[in-house]
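The exercises below are meant to be worked through slowly, with the structure open beside the text. Please try each task before reading its solution.

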Amino acid sequence: MRLAPEPSAHRLRLIVLFLVLLAGVTTSPVLSTGCPDRCVCDDQLVVQCAGQHLTTFPVNLPLATRQLIISNNRIVELPPLALNYLSDLVYLDCSNNSLTEISESTFGNLRKLAYLDLSFNTLTRIEDRTFGPLASMVMLRMTDNPGLSHIHPDAFAENAALQVLDVSRNNLTTLNITSLIALPALRSVDLSGNPWSCDCDNEDLCLWVHLEDEGQTVCGSPADLQGSRLGEVGIELRALCHQTLGSWDYLFFVLIGFAIFAAGTVSAWVMGVIMVLYERYIKKKDQQVDPDEEGEIYRYNTHMNTYLSFRSLLIRK
Ligand SMILES: *[C@@H]1O[C@H](CO)[C@@H](O)[C@H](O)[C@H]1NC(C)=O
Ligand SMILES: *[C@@H]1O[C@H](CO)[C@@H](O)[C@H](O)[C@H]1NC(C)=O
Ligand SMILES: *[C@@H]1O[C@H](CO)[C@@H](O)[C@H](O)[C@H]1NC(C)=O
């Protein structure tokens with residue numbers, strides 16, 4: 001007799017998950033086929049809820065919603081569960097609300113989302129996994145969040161489809177562009193209206209901002225660079241930030257110094273030797289001249305003496 005195979009722990013977990021989902025489907029108001037209160041739903045799967053004084057995310061959203069516009073309300077939170085049922089969502093406009101935080105799981109299932117607008121909210125920071133699941137996101141607008149001062153270096157690392165990024169008019173002082181410049185499709189980035197700090201930590205960013213940038217992408221600090229355009233400061237920073245010398249530079253200078261010192265010593269020594277030799281040569285020449293002169297004087301003296309003695313002889317006579 002064969003025993004039916006015992007359900008493995010994995011299979012059990014799947015069954016439990018299925019039951020939980022089933023319970024969710026049957027009780028969740030999110031999945032009704034109707035249209036949320038104060039919203040307009042059309043047969044193009046567009047749900048329009050803009051400017052309806054909503055303070056919470058709309059319920060009763062059609063499961064197949066492709067465009068959801070909840071701008072100009074006072075919604076304080078995007079509930080991950082309700083949002084992630086909308087797996088066909090392509091367009092999501094959450095601008096001009098009161099969102100303060102976006103969690104790692106908020107966009108966990110929105111793999112088709114191409115357009116996301118988070119402008120005019122009160123976000124303060126973006127962590128590294130926040131936009132991770134949004135593999136199809138082409139355009140992200142996240143402007144006018146006056147307290148937004150931190151975007152994690154890897155926040156956009158997985159958004160390979162991203163073409164347009166607008167983070168203008170936030171409170172950003174730094175932005176690590178390492179993962180941003182690696183995005184293959186990126187063609188437009190607006191960084192204007194942020195108090196960028198123009199120091200060596202931000203050198204890459206400043207160099208990256210093109211000189212043609214006509215916008216208000218200017219330094220907020222340090223004081224002497226306030227208002228200068230990032231693109232112009234970048235080149236100055238490159239020169240300024242690489243002035244410090246490495247150990248090889250010091251070794252180079254020591255060797256050069258030693259070479260100059262050695263060359264000086266050797267040339268002084270050679271000059272000394274030449275001088276000594278020359279002096280010796282002169283002296284030798286003098287010594288060679290002297291015996292002749294002495295001989296001549298001697299001969300002269302001898303002649304003189306001979307003459308004198310000859311004359312005295314004559315005089316005596
Ligand atoms: C934001 O929404 C409010 C209504 O909730 C509206 O009065 C205001 O003009 C909107 N602001 C922007 C910048 O769209
Ligand atoms: C912007 O950031 C600075 C610190 O970098 C902070 O002092 C200031 O309060 C922030 N502004 C807003 C509106 O949050
Ligand atoms: C930028 O982030 C990368 C990791 O993504 C890190 O390796 C690098 O050191 C950072 N650069 C700066 C200037 O902080």
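For sorting residues by class, Ala, Val, Leu, Ile, Met, Phe, Trp, Tyr, Cys and Pro count as nonpolar, Asp, Glu, Lys and Arg as charged, and the others, Gly among them, as polar. Please keep in mind throughout that this is a predicted model.

**Exercise 1.** Find the residues that surround ligand 1 and sort them by class.

*Solution.* Begin with the shell itself, in which Gly 51, Asn 72, Asn 96 and Phe 120 surround ligand 1. Sorting this shell by class then gives 1 nonpolar, 3 polar and no charged residues.

**Exercise 2.** Do the same sorting for the residues around ligand 2.

*Solution.* Around ligand 2 lie Pro 146, Gly 147, Ser 149, Asn 171 and Thr 173. By class, the shell around ligand 2 holds 1 nonpolar, 4 polar and no charged residues.

**Exercise 3.** Work out which residues of helix α4 are buried, and what they pack against.

*Solution.* In helix α4, which spans residues 230–241, the buried residues are Leu 230, Val 233, Gly 234 and Leu 237. These residues cover an arc of only 115 degrees around the axis, and therefore they lie on the same side of α4. On the other side of α4, Ile 235 and Ala 239 are exposed. The last step is to look outward from the buried residues of α4, which pack against β11 (196–197), α3 (203–208) and β12 (219–221).

**Exercise 4.** Describe the chain over the stretch that UniProt lists as "transmembrane region".

*Solution.* The unreviewed UniProt entry lists residues 250–278 under this name. Over residues 250–278 the model is 100% helix and 0% strand, with the end C-alpha atoms 42 Å apart.

Note on methods:
Residues are numbered from 1 along each chain as its sequence is written. Chains are lettered from A and ligands numbered from 1 in the order in which they are written. This is a predicted model: local features need pLDDT of at least 70, side-chain atom pairs count only at pLDDT 80 or more; totals for chains, interfaces and linings use all residues. A residue is near a molecule or strand if its C-beta atom, placed from the backbone, lies within 6 Å of it. UniProt positions are given in the numbering used here, feature names are shortened, and annotations may be inferred rather than shown by experiment. Helices (H or I, at least four residues) and strands (E, at least two) are DSSP runs, numbered from the N terminus. A residue is buried if 20 or more other C-beta atoms lie within 10 Å of its own, exposed if 12 or fewer, and partly exposed in between; C-beta atoms are placed from the backbone. The arc is that of the directions from the helix axis to the C-beta atoms. Two residues are in contact if their C-beta atoms, placed from the backbone, lie within 7 Å.
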